[in-house]
Amino acid sequence: MAVNIGVIGTGNIGQDHIRRITQALSGACVVAVTDIDPARAQKIAKNLGGRAETTGQNLIAAKDVDAVIVTSIGSTHEEFVLAAIAAGKPVFCEKPLATTAVACKRILDAEVALDKRLVQVGFMRRYDAGYRLLKEVVTKGSIGAPLIAHCAHRNPAVGDDYTTDMAITDTVIHEIDTMRWLLDDEYVSAQVLYPKKTSKASKHLADPQIVLLETATGIRIDVEVFVNATYGYDIQCELVGETGVARLPEPSNVLMRSEAKLSVEILTDWKKRFIASYDVELQEWIHSVASDKITGPSSWDGYAAAVTADACVESQKSGKIVEIKLGTRPALYHHVPPPTT
Ligand code: NAP
C-alpha cells in the first residue's frame, strides 16, 4: 500500500521532493501540502490532485497523512518535527534538524522518550554512489585504518547575504555529517583557520576557510571551504589509511579531446552534483516508512552535526581549538554493524 505523505514548505526543495515522489519514485503519494504562503500551497495542491492544509500542525494531525516531509525554512523545523513525534508519525526533515544544538536535543529527548525512531534528517550525501563506494572501502578495511582525511567544498560564487558562519552552518555541515558516517567516529575538537582572503569575496565574508576536526580515535580531518572559487562546484574527499589511499570518484562526464586539450567539464550547480542521491535517499526513506523501520540519518546525527557546527562557529570567533562534547549516545541510536562479507 502506498505511503500517504504530507509536505510542509513548498519552496525550492519542497517542490523538488514532491516532483520526485510523484514522478520518479515508487511506493508513495503526496496527499497534502502546506506553506506559509497559502496561494503557493493551493497552486501546488491543485497540480497534484491533493489538498492544501492551512498550517503544518493541521497537516501533521490529518488522518490520511501517514508520514511527513519538512522542507520549510530551518527555524520552523523543531516545531514540526516535535509535532510529528507527538503524533507518532515518521518525519523526514531537511537539514538542519533544528537551528540550535539545544533544540536538536529537545527532539532527541522526545524521540528517546517514545523509544522509537521516527525522525530522519536530510543528509543526502550518505546516498551518493561515490561516497557509498568510499564507505565500502573503509568498512572492508581495504586501506587499513583511516588516519587522515582531506576534504574540499568549493562553490563558484555566493550571494552578498552569505555570511562567514554560513560557511559552517550551510556548507561544511554536509562534510561534518558525511565524515562522521564515513569514519564511524565522533568528533572531539574543531578549529577554523583563515588563509589569505580571495579578492572575489564580499567585504564581510571570510573566504576561503580551513576547518580542522579531530575524532575520538585520533583521525584528523581538514576541510577547505571556498565558496567563491569561481571555476565550479567541486567536492573532494581523500582518505589516507594505514595501507592505502582512497579518493571520492569524480562525477562521470564526457572526456573530450578538442583544441589540443584533453578535458572534462566540471559541474557548476550543486543540485546536479547530488541529484541522484536525493532520489535514493527518499526512495529508501519511503521503503523504511512502509516497513516501519527508519534507518537513515537520525536525530542523534542531526544533534551531533549541530554541536559540531556550534564548535566551529565558536572557533571562527576565537581562533582557538574548541572541545566537542556530545554526551552519551542513547541506545536507540546504536547502529547495527553492516554484515561482513
Ligand atoms: P525555500 O525555497 O525558502 O522554501 C522554504 C519554504 O517554506 C518557503 O516556501 C517558505 O515560505 C515556507 N515556509 C516558511 N515558514 C513556513 C511555515 N511556518 N510553514 C510552512 N511553510 C513555511 O528554501 P529551500 O531552499 O527549499 O530550503 C528549505 C530547507 O531545506 C532548508 O532547511 C534548507 O537548509 C534545506 N535544504 C537542504 C538541502 C540539502 O542538500 N539537503 C538543499 C536545499 C535545501 P516563504 O518563502 O514565504 O518564507
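**Reasoning about two sheets and a ligand**

Tutor: Proline 208 lies in the loop between strand 8 and strand 9, and this, like everything we discuss here, is read from a predicted model.

Student: What makes the peptide bond between aspartate 207 and proline 208 worth a remark?

Tutor: Most peptide bonds are trans. The bond joining aspartate 207 and proline 208, by contrast, is cis, with omega at about 0°. Another cis bond runs from lysine 95 to proline 96, with omega near 0°, and proline 96 lies in the loop between strand 5 (91-93) and helix 5 (101-114).

Student: How do you know that strand 8 and strand 9 pair?

Tutor: Two strands count as paired if at least two bridges are found between them. Strand 8 (residues 187-193) and strand 9 (residues 209-215) have six bridges in the antiparallel sense, so by that cut-off they are a pair. One of the residue pairs is leucine 193 with its bridge partner isoleucine 210 in strand 9.

Student: What does strand 9 form with strand 10, and which residue in the turn has a positive phi?

Tutor: Strand 9 and strand 10 form a hairpin with four residues between them, and glycine 218 in the turn has a positive phi of about 100°. The two strands pair in the antiparallel sense over six bridges, and leucine 213 has isoleucine 221 of strand 10 as its bridge partner.

Student: What is the sense of the pairing between strand 7 and strand 10, and how many bridges join them?

Tutor: Strand 7 and strand 10 (residues 220-226) run parallel and are joined by seven bridges, and in strand 10 the bridge partner of cysteine 151 is valine 223. Both senses belong to one open sheet of seven strands, in the order 12-11-7-10-9-8-15, whose pairing is mixed.

Student: Why are strand 12 and strand 15 called edge strands?

Tutor: Strand 12 (245-247) and strand 15 (322-323) each pair on one side only, and that is what makes them the edge strands.

Student: What can be said of the open sheet of six strands, and why do strand 3 and strand 6 stand at its edges?

Tutor: The open sheet of six strands has the order 3-2-1-4-5-6 with parallel pairing. Strand 3 (51-52) and strand 6 (119-121) each have a single partner strand, so one side of each is left without a neighbour in the sheet.

Student: How do you know that strand 2 is a partner of strand 3?

Tutor: The cut-off is at least two bridges, and two bridges join strand 2 (residues 28-34) to strand 3, which run parallel; the pair therefore meets the cut-off. In strand 3, alanine 52 is the bridge partner of valine 33.

Student: Which strands does helix 6 lie across, and at what angle does helix 6 run to strand 11?

Tutor: Helix 6 (residues 129-140) lies across strand 7 (146-154), strand 11 (234-241) and strand 12, running at about 5° to strand 11. Angles are taken between N-to-C directions on a scale from 0 to 180 degrees, so a value of about 5° means that the directions of helix 6 and strand 11 nearly agree. Helix 2 (residues 38-48), which lies across strand 2 and strand 3, runs at about 155° to strand 2.

Student: What makes the phi of aspartate 184 notable?

Tutor: Most residues other than glycine have a negative phi. Aspartate 184, in the loop between helix 7 and strand 8, has a positive value near 50°.

Student: How do you know that aspartate 35 makes a polar contact with the ligand?

Tutor: A polar contact needs a pair of N or O atoms within 3.5 Å. An N or O atom in the side chain of aspartate 35 is 2.7 Å from an oxygen atom of the ligand, so the pair qualifies. A polar side-chain atom of glutamate 94 lies 2.9 Å from a nitrogen atom of the ligand, and a polar backbone atom of lysine 95 is 3.0 Å from a ligand oxygen atom. Taken alone the ligand exposes 910 Å², of which the protein buries 77%.

Student: How many residues surround the ligand, and of which classes are they?

Tutor: The ligand is surrounded by 24 residues, and by class the shell has nine nonpolar, eleven polar and four charged residues. Helix 1 (12-24) and helix 4 (77-87) each supply at least two residues of this shell.

Methods. Residues numbered from 1 in each chain as written. Predicted model: local features only at pLDDT ≥ 70, side-chain atom pairs only at ≥ 80, totals over all residues. Heavy atoms only, no water. Contact = heavy atoms within 4.5 Å. Near = heavy atom within 4 Å. Polar contact = N/O pair within 3.5 Å; in protein donor to acceptor, adjacent residues only side chain to side chain. Areas by Shrake-Rupley, 256 points an atom, 1.4 Å probe, with all protein chains shown as cover. Nonpolar A, V, L, I, M, F, W, Y, C, P; charged D, E, K, R; others polar.
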